[in-house]
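Good morning, and thank you for coming. Please look at the sequence and the structure together while I speak.

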Amino acid sequence: MTIFQFPQDFRWGTATASYQIEGAAQEGGRGVSIWDTFARTPGKVFNGDNGDVACDSYHRYEEDIALMKKLGINTYRFSIAWPRIIPDGDGEINREGLDFYHRFVDALLDAGIEPFLTLYHWDLPQTLEDDGGWGNRRTVDAFVKYAEVIFKEFSGKINFWLTFNEPWCIAFLSNMLGIHAPGNKDVQTAINVAHGLLVAHGKAVQSFRRMGITGQIGIAPNVCWAEPYSKSAEDQAACDRSIALNTDWFLDPIYKGSYPQFLVDWFAEAGATVPIQDGDMEIISEPIDLLGINYYTMGINRHNPDAGVLQSEEMNMGLIKTDIGWPVESRGLYEFMHYLQKYGNVDVYITENGACINDDLENGKINDDRRISYYEQHLAQIHRIINDGINLKGYMAWSLMDNYEWAEGYRMRFGLVHVDFRSLVRTPKESFYWYQSVIKNNWLEIRN
């Protein structure tokens with residue numbers, strides 16, 4: 001048996017996102033988001049599923065917080081739905097939406113759970129997308145207005161703030177590959193979006209400082225690790241591009257005040273340039289306090305001229321995969337966290353990590369042993385990372401419960417709690433009780 005003891009002040013939590021769990025899409029004065037529109041576009045989401053009801057957490061948040069308390073977490077990462085606060089993006093403020101989140105945050109605090117807030121987890125008001133989305137500076141200004149409303153309302157209640165969740169997904173998955181809302185397939189559009197959201201991030205951080213808001217603020221990129229299929233320079237370069245587009249493209253401007261030149265040159269060859277305006281890079285590089293890191297998998301990649309704009313192809317190496325098709329390889333998290341040190345030993349929280357395992361109820365139980373194995377492997381690597389002196393301060397499992405998995409609809413399940421999407425009954429899985437024990441002990445026990 002091996003015991004991995006975690007620091008006494010280590011934060012244990014789970015994570016969710018507004019559109020994935022809340023439901024109540026037409027209630028409480030909420031406006032229309034790009035995901036409401038995208039989900040109703042034929043062929044975009046599996047089975048035509050949408051987030052109108054989702055887990056109905058808008059009405060059932062007290063039940064969900066009771067589950068969190070039973071689990072024993074001391075931190076809960078969630079996002080606020082921008083369309084609930086300013087339904088048309090930059091117009092009138094919806095008091096009913098703010099009141100809902102005050103009730104929710106107060107209930108978390110009453111339960112002894114620290115709220116860890118994400119300002120933007122993909123539900124852009126549709127009116128702003130109709131006017132050019134993140135490529136239009138109107139959206140940048142609208143985000144800053146929205147952020148300032150939330151800062152003012154929740155300062156003193158919330159100590160951990162994230163501006164954006166997974167900027168690569170917002171920009172490139174959604175606007176170059178077209179897999180997520182709004183579904184564009186254009187490299188230049190994706191680069192415009194990436195730059196716009198970075199400017200919005202920087203301006204929001206400036207407002208946070210100017211307003212004297214309590215707590216720490218940062219951003220949460222989704223990261224990958226890639227290792228070359230061969231020893232060739234071409235394969236290594238393909239891996240470098242894959243890693244950098246998720247990480248360096250967003251963190252270099254924040255920490256260094258410039259984009260990674262090798263990728264700037266690569267995109268220029270494809271005819272795409274970054275639309276930098278005077279003062280942008282100074283805004284973007286406003287110092288932040290923490291980083292959220294979302295990690296799920298790593299790949300073995302090789303150069304392939306036909307493999308999209310990056311010419312980087314992930315090879316099938318026969319590894320065990322989760323039910324969404326992502327290889328289970330926890331070592332990538334360890335390697336990535338050392339790669340991250342080039343930005344300095346910043347405070348880091350794992351803000352998402354988890355496995356899609358679609359085991360269902362059998363005799364009233366969900367025996368999701370494969371999810372437990374995934375968590376064991378990744379928590380062992382986290383202990384290793386901390387042991388190396390890296391400032392990894394906490395871990396948030398994705399996700400508290402099964403939810404709306406974006407373009408996959410409801411068929412892919414990441415939760416520690418099973419949700420019956422017809423009855424909305426919640427049932428803790430075996431992984432829930434396993435994680436409950438880890439949190440209670442503050443150690444990981446792996447049997448030989």
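Let me begin with a definition: a residue is called buried when its relative accessible area is under 20%, exposed when over 50%, and partly exposed in between, using a 1.4 Å probe and protein chains only. Please keep in mind that this is a predicted model, in which local features need pLDDT of at least 70 and side-chain atom pairs count only at pLDDT 80 or more, while totals for chains, interfaces and linings use all residues. Residues are numbered from 1 along each chain as its sequence is written, and side-chain values use heavy atoms, with hydrogens and water left out.

I turn to the interior. A nonpolar core is a set of buried Ala, Val, Leu, Ile, Met, Phe, Trp, Tyr and Cys residues joined through side-chain atoms within 4.5 Å. The largest such core here has 155 residues, and the members that touch the most others are Trp 134, Phe 143, Phe 172, Trp 249 and Tyr 435. Which helix gives the most to this core? Helix α9, residues 187-210, does, with 11 residues. Helices (H or I, at least four residues) and strands (E, at least two) are DSSP runs, numbered from the N terminus.

Consider Phe 143 in particular. Contact means heavy atoms within 4.5 Å. Not counting residues up to four places away in sequence, Phe 143 touches Trp 82, Leu 119, Tyr 120, Trp 134, Thr 163, Phe 164, Ala 200 and Ala 204.

Next, the strands. Two strands pair if DSSP finds at least two bridges between them. Strand β6 spans residues 216-220, and 4 of its 5 residues are buried, so β6 is largely enclosed by the rest of the structure. On one pairing, β5 (residues 160-165) runs parallel to β6 and is joined to it by 4 bridges; here Trp 161 has Ile 217 as its bridge partner. Strand β6 also runs parallel to β8 (residues 290-303), with 2 bridges between them, and Gly 218 is partnered with Leu 290 in β8.

Strand β8 pairs with β7 as well: the two run parallel and are joined by 6 bridges. In this pairing, Glu 227 stands opposite Ile 300. Why is β7 described as largely enclosed by the rest of the structure? The reason is that 5 of the 7 residues of this strand, residues 222-228, are buried.

Leu 290 appears again around Phe 116, a residue of strand β4 (residues 114-120). Is Phe 116 buried or exposed? Phe 116 is buried, since its relative accessible area is 0%. Leaving aside neighbours within four places in sequence, the contacts of Phe 116 include Leu 290, Phe 160, Leu 162 and Tyr 349.

Another buried residue lies in a loop. Asn 304 is located between β8 and β9 (312-315), and counts as buried because its relative accessible area is 19%. Apart from residues up to four places away in sequence, Asn 304 touches Gln 311, Ser 312 and Glu 313.

Finally, I come to charged pairs. Side chains of opposite charge can pair when their charged atoms come close. A salt bridge is a side-chain nitrogen of Lys or Arg within 4 Å of a carboxyl oxygen of Asp or Glu. How many salt bridges does a search of the whole structure find? The search finds 28.

One of them joins the side chains of Arg 95 and Asp 99, at 3.0 Å from N to O. Both residues lie in helix α5 (residues 95-110), 4 residues apart, about one turn of the helix. Arg 95 is partly exposed at 41% relative accessibility, and Asp 99 is partly exposed at 32%.

A second salt bridge links Lys 203 and Asp 141, at 3.7 Å from N to O. Lys 203 lies in helix α9 and Asp 141 in helix α7 (residues 137-154), so this pair ties together parts that are 62 residues apart in sequence. Lys 203 counts as partly exposed at 27% relative accessibility, and Asp 141 as partly exposed at 45%.

A third joins Arg 370 and Asp 359, at 3.6 Å from N to O. Because Arg 370 lies in helix α15 (residues 369-387) and Asp 359 in the loop between β10 (347-352) and α15, the pair ties together parts that are 11 residues apart in sequence. There is also a network, in which salt bridges that share partners join Asp 56, Arg 60 and Glu 63.

Thank you for your attention.
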